[in-house]
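Got your viewer open? Load the model below, and we'll walk through it one selection at a time.

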Amino acid sequence: HEYPSDDDVLAEGDEPGEMICPHCGSAVIEDTQKCPYCGDWITPRDPSSSGWRRWMFVAVVLLMLLLMLRYLL
């Protein structure tokens, strides 16, 4: 068996950080990958990049639709 090293054990008085599950709103341990309450996967998101990607996707789809419409007419 491998025992945890001194670095892996929390020092007395230290508590793991918490974050809020984006799906159910429950408080979970910071490094949790899957919420123990609702079972949904928790993925870290960069709020500045997700909006940019969404708009880029919409722009590309609209451009493709315009090009198809121009080709048909």
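Start with the whole surface switched on: the protein exposes about 7100 Å², and carbon and sulfur atoms supply 58% of that area. Accessible areas here come from the Shrake-Rupley method with a 1.4 Å probe, and for residues only the protein chains shown count as cover.

Before you click further, know that this is a predicted model, where local features need pLDDT of at least 70, side-chain atom pairs count only at pLDDT 80 or more, and totals for chains, interfaces and linings use all residues. Residues are numbered from 1 along each chain as its sequence is written, and side-chain values use heavy atoms, with hydrogens and water left out.

Now colour by pLDDT (the predictor's confidence in each residue, from 0 to 100). The protein averages 79, and 67% of the residues score at least 70.

Switch to cartoon view next. You'll find one helix and two strands, running β-β-α from the N terminus. Helices (H or I, at least four residues) and strands (E, at least two) are DSSP runs, numbered from the N terminus. Confidence is lowest in α1, at a mean of 85, and highest in strand β2 (residues 27–29), at 90.

Select valine 28, which is in strand β2. Is valine 28 buried or exposed? At 4% relative accessibility, it counts as buried; buried means under 20% relative accessible area, exposed over 50%, and partly exposed in between (1.4 Å probe, protein chains only). Buried residues make up 5% of the 73 residues in the protein.

Which residues does valine 28 touch, leaving aside neighbours within four places in sequence? Its contacts (heavy atoms within 4.5 Å) include Gly17, Met19, Cys35, Tyr37 and Ile42. Draw a distance from the C-alpha atom of valine 28 to that of glycine 17, 11 residues apart along the chain, and you should get 8.5 Å.

On to the cysteines. A disulfide is a covalent bond between the sulfur atoms of two cysteines. The test used here is a pair of cysteine sulfur atoms within 2.5 Å, and the structure holds zero disulfides. Pick cysteine 24: the nearest cysteine sulfur, that of cysteine 35, is 3.7 Å away. Cysteine 38 is also in no disulfide, and its nearest cysteine sulfur is that of cysteine 35, 3.7 Å away. Cysteine 24 is partly exposed at 36% relative accessibility, and cysteine 38 is partly exposed at 33%.

Last stop: select valine 61 in helix α1 (residues 47–72). Valine 61 is partly exposed, with a relative accessible area of 32%. Add Trp55, Phe57, Val58, Leu62, Leu65 and Met68, and together with Val61 they make a nonpolar surface patch of about 730 Å². Patches are made of residues with over 30% relative accessible area and no salt bridge, with like charges joined within 9 Å and nonpolar side chains (Val, Leu, Ile, Met, Phe, Trp, Tyr) within 5 Å. A salt bridge is a side-chain nitrogen of Lys or Arg within 4 Å of a carboxyl oxygen of Asp or Glu.
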